[in-house]
Amino acid sequence: MSFTIQNVLIAKGEGYEAVDVQIQNDRIVAIAPKLEVIGTAIDGTNKLLLPGFVNAHTHSSEMWQRGIIPPLPLELWLAELYEFTPLNPEQAYLSAVGTAIETLMTGGTTVVDHLVLIPGLEIETIAAANRGYRDVGIRAFIAPLIQDEDLSAGIPTGGDEVSRGDYVRPTQATLELVEEAVKQFHRPEEGVEIMVAPTGIQLCSDALFEGCIELSDRYDLSRHAHLLETKAQKLLASEKYGCSAVQHLKDIGFLSEKTSLAHCVWLDEHDIKLMAETRSTVVHNPLSNLRLGSGIAPILKYRQAGVNVAFGCDGSASNDSQDLLEAIKIGSILHSVTDFDYQHWITPRQSVEMASLGGATGLNRSDQFGSLEVGKKADLVMYDLKSLSLLPRTDPIGLLVLGRPVNVVSHAWVNGKSAISDHQICNVNVEELKEKLFDQSEWTPKRKSIAVAETEARYRSVMGLS
């Protein structure tokens with residue numbers, strides 16, 4: 001497929017330039033004013049073209065619980081989430097489709113799905129998500145969420161004796177599951193990749209991390225995990241390792257330019273230095289961090305230290321949406337209250353670069369997508385600058401990042417193929433999706449969690465809450 005976007009605005013220097021952009025197959029082949037039309041001509045007048053953003057951390061299946069879990073810290077929130085998680089592969093498919101559509105409609109062309117697996121149907125869960133992302137046409141990094149320790153291991157002991165159950169699946173069996181997923185679904189040339197993705201230090205043994213490193217090296221897979229999302233995890237790392245979680249992950253070799261780590265709220269100065277040295281990426285999830293009371297990640301310190309930063313929505317039960325533009329806005333302006341020196345604050349253009357090139361860098365794929373350059377993949381999003389929420393005319397990127405854009409994506413392409421055209425999703429029937437999501441769910445505002453009640457006393461004691 002070939003097409004030419006004509007007379008579209010792109011960012012250049014501190015301003016903008018109207019250019020034509022030629023696409024052949026899946027690549028950008030030329031960017032310049034007044035180019036010859038190849039293939040189909042697409043009018044870009046009064047529109048802004050940007051590289052697609054990366055939704056660099058989410059959990060698609062959480063869509064079935066969005067808006068229902070009350071205000072709780074992560075450790076208690078998880079207890080309720082897992083108590084009510086059981087789904088079926090069809091629901092996993094529908095939530096992947098919904099996650100992909102919401103990401104596309106807010107500027108994202110790539111999603112990193114730290115996919116919660118249905119017990120006993122793990123491969124079927126991955127297959128369902130894979131089918132959903134392929135049907136929508138988004139670029140997907142499917143990161144099966146794995147652990148080998150029971151959920152109770154995620155809370156510090158505080159020096160007390162705590163009984164912990166065995167996890168449902170041995171470490172080696174879990175690694176074999178990931179390898180089987182790689183063999184069945186890892187198709188980079190088709191826009192779907194499998195990642196190695198231990199949930200985090202709180203629920204994973206060193207053996208699981210080390211097995212993931214070996215798989216990552218053998219199959220050239222990107223790596224992903226949660227890292228120090230909460231203060232409780234920082235206390236747990238000290239109990240478990242006698243050093244910081246970042247130091248420990250560096251010592252066992254998990255940190256690298258292929259590694260992206262979600263949250264990173266509770267890192268100290270030495271940890272930040274290690275992140276920069278290892279070229280690991282921080283995925284900033286500001287809305288879930290606020291929703292769960294986890295804290296404010298020191299993003300300005302990361303940037304000043306040379307650490308790559310990307311943006312994620314996190315799952316729809318802790319955000320509770322997949323509005324990537326909202327995450328970018330909050331994740332940018334939130335930090336203006338953490339540093340009085342306004343010269344360190346994040347500008348809209350820096351936000352856009354973090355969301356696109358920063359996301360691609362975190363996946364070790366910045367040579368392939370993440371910026372408007374000849375030779376890169378045609379993962380592109382075009383915004384309608386005559387949309388009401390982008391008017392009146394001031395600065396297009398400023399309006400996009402600092403405003404409250406609504407239905408402003410006019411076109412989106414992934415691998416040079418249309419995913420949105422004239423504000424409409426191209427490849428799936430959105431009305432049918434809405435009906436299925438409605439029919440397979442119910443209003444349940446008053447549910448009670450037994451798991452939270454059983455866990456709360458221990459959590460409050462360890463955290464010093466009266």
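**Exercise 1. Find how many cavities of 30 Å³ or more there are, and describe the largest of them.**

Step 1. The count comes to 3 cavities of 30 Å³ or more, a cavity being a set of points, on a 1 Å grid over the protein atoms alone, where a 1.4 Å probe fits but cannot get out. A volume is the space filled by probe spheres set on the points, with grid points joined across faces, edges and corners. The model is a predicted one, in which local features need pLDDT of at least 70 and side-chain atom pairs count only at pLDDT 80 or more, while totals for chains, interfaces and linings use all residues. Residues are numbered from 1 along each chain as its sequence is written, and side-chain values use heavy atoms, with hydrogens and water left out.

Step 2. The largest cavity holds about 200 Å³ of space, and its lining (residues with an atom within 4 Å of a point) consists of 22 residues, of which H59, W77, L78, T199 and H226 lie nearest its centre.

Step 3. Helix 1, residues 74–83, gives the most to this lining, with 5 residues; helices are DSSP runs of H or I with at least four residues, strands are runs of E with at least two, and both are numbered from the N terminus.

Step 4. By class, the lining of the largest cavity has 10 nonpolar, 9 polar and 3 charged residues, where Ala, Val, Leu, Ile, Met, Phe, Trp, Tyr, Cys and Pro count as nonpolar, Asp, Glu, Lys and Arg as charged, and the others, Gly among them, as polar.

**Exercise 2. Work out which elements line the second largest cavity.**

Step 1. This cavity has a volume of about 40 Å³, and among the residues that line it are A56, V112, S260, T281 and V283.

Step 2. Strand 12 (281–284) and helix 12 (348–362) each supply at least two lining residues, and the largest share, 3 residues, comes from helix 12.

Step 3. The lining of the second largest cavity divides into 5 nonpolar, 5 polar and no charged residues.

**Exercise 3. Describe the largest pocket and its lining.**

Step 1. A pocket is an open set of points with protein on both sides within 12 Å along at least five of seven lines, and the largest pocket contains about 1100 Å³ of space.

Step 2. Its lining is made up of 44 residues, with M63, W64, R66, L437 and S441 nearest the centre, and the elements giving two or more residues to this lining are helix 2 (89–105) and helix 14 (430–439).

Step 3. The lining of the largest pocket divides into 22 nonpolar, 14 polar and 8 charged residues.
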